[in-house]
Amino acid sequence: MKMKWKVFLLMVVAVFALVACGEKKEEGSGEKSTEAPKVDGKTEVVFWHAMSGQLEEVVNKLVSDFNASQDKIAVKAVFQGTYEEAITKFNTVAGTKDAPTIMQTFEVGTKYMIDTGKIEPVQKFIDAEKYDTSKWEKNITNYYAVDGVQYSMPFNSSTPILMYNKDAFKKAGLDPENPPKTYEELKVAAKALTTGDQKGFSILNYGWFIEELIAAQGGLFVNEENGRKGDATEAVFNGKEGQNVFNLISDMYKDGTFYNTGQNWDDMRAAFQSGKIAMYLDSSAGVRGIAEQAPFEVGAGYLPVPEGTDWQGVIIGGASLWMANGIAEEQQQAAWEFMKYLTSAEVQAQWHVNTGYFAINTDAYNQDIVKTEWEKYPQLKVTVDQLGATKPSTATQGALISVFPEARQKVVNAMESLYQGANPEEALNQAVKDTNQALDMANRKK
Amino acid sequence: MSIWKKSFLYMLLSVAAFIMFFPILYAFLISFMQGGEVLQGKIIPSDFSFTNYESAVQKVPLLRYLWNSFVVSTLIMVGQVLFCCLAAFAFTFIQFKGRNVLFLIFISTMMIPWEATMVPNFQTVRALGWTDTYLGLSVPFFAMAFGTFLLRQQFKTIPMEMYEATQVAGVNRFQFLFKVVLPVSKTSLVTLAIYCFLSAWNMYLWPLLVTNDERMRTVQIGLKQMQSQELATEWGVVMAGVVMVILPTLILLFLGQKRLQEGLTRGAVK
Amino acid sequence: MIAGKAQGQLKIKARRSMPSFVEGLLYLLPSILLFSVFLFYPMLKTIYLSFFLTDAQGNAELFVGLEHYSNLLQSTAFRTSMKATLLFVLYTVPAGIILALFLALLANQKLKGIGFFRTIFSSTMGMSVAASSVIWLFMYNPAIGLGNMMMKTFGMSEMQWLLSPDTALISVAISTIWMNTGFSFMILLGGLHNIDSHLYESGKIAGVSDFYTLRKITLPLLSPTLLFIVTVSLINSFQTFGQIDILTKGGPMESTNVIVYSIYKDAFVNFNIGSASAQAVLLFAFILIVTILQFKWGEKRVHYQ
């Protein structure tokens, strides 16, 4: 028996050694390719994205328009599942010949992408040809810039916005052209709007909205200037600003004026469209769809802040485009050409009108198609104005942390515990504690 | 059977059928809804037009995806049943040293969580150059401990005398497997085949990882592709896709019902 | 009836040229080969990675020994996950099998048009987890869902379904039972067909009750099929992932964060490959024990016709 165990142990050790060796080999064999793949004599640019549904149609249209507009570059758009799934796949192939040229990643993956070391900052190309970036909306590009270096190209950008049912406002005797701007006004309005089956207000159980509400008050999410001065080591969202947000939710929920809609975007929109809630926070990208489909008049307003607090603005959400490194220079250059095409005023105008996402290039808003669209859906203009009014600071620039998805889960947990009657302060502190643990782990690898 | 008992049974059947079928019926109704109708909580669509079906087919190459899913599922089904038969046969009818240990090792693979295998396997398939091929989509699933276990259970019910008799008659093991063992195990084989096919049909993450080419992708990816993130999803179109994906299965089930049951009965060991 | 062990006592003289060891391995070779490449290798790698912190690419970076394990065993989140997993198995497996058995017995009657009902009962087989989950998501929606509409019609108060930690797991379990019923029904019906009808006729002549027939004839003879269904249901239940991802994302307050979903989140969303690996290893060990117990207990009780 003893003998058997020894043999077994020996085998385990041997196998581990083998696995460990296999590991190293893989690292070393970064099949770097210097020759750009060609398709019919054109340089191929593979573009991995996570745009599904109507968005994929728009992306495909942009790509085919670009391909038709010139004869040197062939862009190939490939849908790779959700943002998370796409990153998983990117991780596995990054640095090999199977890696895409352009990779779309959500905003919370920014730090993560930089840390992989498998990407080329687009700043390199901006510098190389002294590309004029003055037309870019700074409140968007800032998110993806670290220490003045533009890492990725913003693509689909959105911010949160307060949506409300104008018909319900009229019924409740509220001014439908004057949405609440402070927490206090919000509470009063919600109280007036809560009648019968209808509740006043709702926020999706999604960490993004909490981050935004904190930033609107000028609060930070993590230390080290929101992780922009150096690697964040501690979460700070349980400060005064965070507590204001959590107290608001907790008070309104206890008051019966807040409706818990869960974690699903469409569940929340269903609650709004079916008249279950009269006000809620949505993404600016969803605004047009709601305005189009709701059987009542829809209004849009800025994010509220507590009374007496200076409104700071919103952080950009959505995703950006990253360029891979370790691929042929020619391919990178081709990818840069495509990125430039995407940021042109005409394309951006099309993008804004067809998806509801912001235009990076502010010239786009002067295009005729945008003007007609805004006449039809004035709510869209509110979202653009809100972004334009944002005051640039580390708070509104957004936090930069590698464990963002995890931090969001912790915040959601804390939100959900509010509906079970948890103390807002304790719930927030717990979320901070959990996030710190994740940050510790991540920082130890460095 | 008395008329009372009969009508009671019919009533019970109808109620059960309504409850079981309701979610599918609901999907069917949603598939005709336009724009905001779904989110406004309607149950009956305002008008029955096929526009959602048209746009579902236009949005993603659904027919191509259906074909791929069919090919991959069939390949996995055939491969799994074959490999499992061979393995189960060895575990039942061939005496050799270390057989039980080996069987235990086989069984233990059943417990390996798929999340743990996904990424390393993707690297392996990539190294083999099998991305965007039916091979990469199907081969990793050919061996299955569960199927081996199931068939071994079945093979064990075959009288050993039968095996001895064929040995005396000079039939070799391989022939014994095909001429005697498989025909009497029809029920288990069909059961296993259905199970394999369905699990393969449901795969999402693996096909997504190992394919880049639209021409190689499968139905489940297509359904996911129709749903938006952040923007409101056109649920009518998604459900039209769902209905189109299940319709072939439902028709097959209905047509095959009788034959399948007969087959299952005939193959039984008496 | 033949006991499964009969062949164990029989020794067949090896008359062939090939030693049986080699021949046995030949039959097993395809499976062994694939297992080694696609299961053992990843599993070993998982065990290996469970002792490390990993970089973005999932490569081992910093050896931390048993830290992931000790963290897990101490964390309340892991305990919640284990509890949720066990409860989920408890909710879905017995109820699912009883429902499928009930439907199978019902559909085993010789009536006109029974084929139609059989198709309906097995129809959920064709529904993918992703598609079914979306439908259930609608039905559970507290604002527009049919769940609450029905509650209202029956004069009951509205429920939070997926939004309350108290009901979320049960709600997911109900939808899971529905998804699995089609397959279980089909297999059980096949099993019922295999039972010799003479046995029922002799039972009828003896004048025993339907319930007695069920208990003394049907169930014992159905036991191999039942063992199969129990095993499949257990495996499926432990591996439940798709419905949770769509319906609850593990929430609210981690009440539906079953262990497999927790692994998925750590590996594919949070990129804590080390921690995910440690959880996978623990899950592996846990299911292994359950399965061994189940076989030990199950094999004794199964009757072969």
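1. Where in chain A does Thr343(A) sit: in which loop, between which helices? In this predicted model, Thr343(A) falls in the loop that joins helix 14 (329-342) to helix 15 (345-355) of chain A. A loop position can be buried or exposed, so here is the count: 22 other C-beta atoms lie within 10 Å of Thr343(A), which makes this residue buried. Setting aside residues up to four places away in sequence, Thr343(A) touches Gln348(A), Ile360(A) and Asn361(A). Leu400(A) is another matter: 57 residues separate Leu400(A) from Thr343(A) in sequence, and their C-alpha atoms are 24 Å apart.

2. Staying in chain A, have a look at helix 12 (residues 265-273). Nine of its nine residues are buried, so this helix is largely enclosed by the rest of the structure. The buried set mixes side chains such as Trp265(A), Met268(A) and Phe272(A) with others including Asp266(A), Asp267(A), Arg269(A) and Gln273(A). What lies over them? The cover for the buried residues of helix 12 of chain A includes strand 9 (160-165), strand 10 (199-202), strand 11 (277-283) and helix 13 (287-293) of chain A. Just past the end of helix 12 of chain A, Gly275(A) adopts a positive phi of about 80°.

3. A word on confidence in chain A. Its mean pLDDT is 89, with 92% of the residues at 70 or more. Residues 21-32 of chain A are a stretch to treat separately: pLDDT stays under 50 there, and the model gives this stretch nine contacts beyond four places in sequence.

4. Now the contact between chains A and B. Chain A puts in 31 residues and chain B 25. On the chain B side, the elements that supply two or more residues are helix 5 (114-127), helix 11 (205-210) and helix 12 (219-225) of chain B. Helix 5 of chain B has the largest share, four residues. Sorted by class, this side of chain B comes to eight nonpolar, twelve polar and five charged residues.

5. The contact between chains B and C takes 75 residues from chain B and 77 from chain C. On the chain C side, helix 2 (residues 20-49) of chain C gives the most, with 18 residues. The make-up of the side of chain C that touches chain B is 50 nonpolar, 24 polar and three charged residues.

6. Next, the UniProt annotations, which come from unreviewed entries. "Domain: ABC transmembrane type-1" is listed for residues 66-256 of chain B and for residues 82-294 of chain C. In the model, the chain B span is 73% helix and 0% strand, with end C-alpha atoms 19 Å apart. The chain C span is 75% helix and 0% strand, and its end C-alpha atoms also lie 19 Å apart. UniProt further marks "transmembrane region" in chain C, residues 168-192 and 213-235 among them. Residues 168-192 of chain C are 100% helix, with ends 35 Å apart, C-alpha to C-alpha. Residues 213-235 of chain C are 100% helix as well, with 30 Å between the end C-alpha atoms.

7. Last, helix 10 (residues 210-238) of chain C. What end-to-end span does this helix of 29 residues reach? The end C-alpha atoms are only 35 Å apart, short of the 42 Å of a straight helix at 1.5 Å a residue. There is a bend of about 60° at Ser223(C), with a proline, Pro224(C), following within four residues. Pro224(C) is itself buried, and other buried residues of helix 10 of chain C include Leu222(C), Thr225(C), Phe228(C) and Asn236(C).

Methods: Residues numbered from 1 in each chain as written. Chains lettered and ligands numbered in written order. Contact = placed C-beta atoms within 7 Å. Nonpolar A, V, L, I, M, F, W, Y, C, P; charged D, E, K, R; others polar. pLDDT = per-residue confidence, 0-100. UniProt positions renumbered as here; feature names shortened; annotations may be inferred. Buried ≥ 20, exposed ≤ 12 C-beta atoms within 10 Å, placed from the backbone. Expected span 1.5 Å × (residues − 1). Bend = angle between axes of the 7 residues up to and from the residue.
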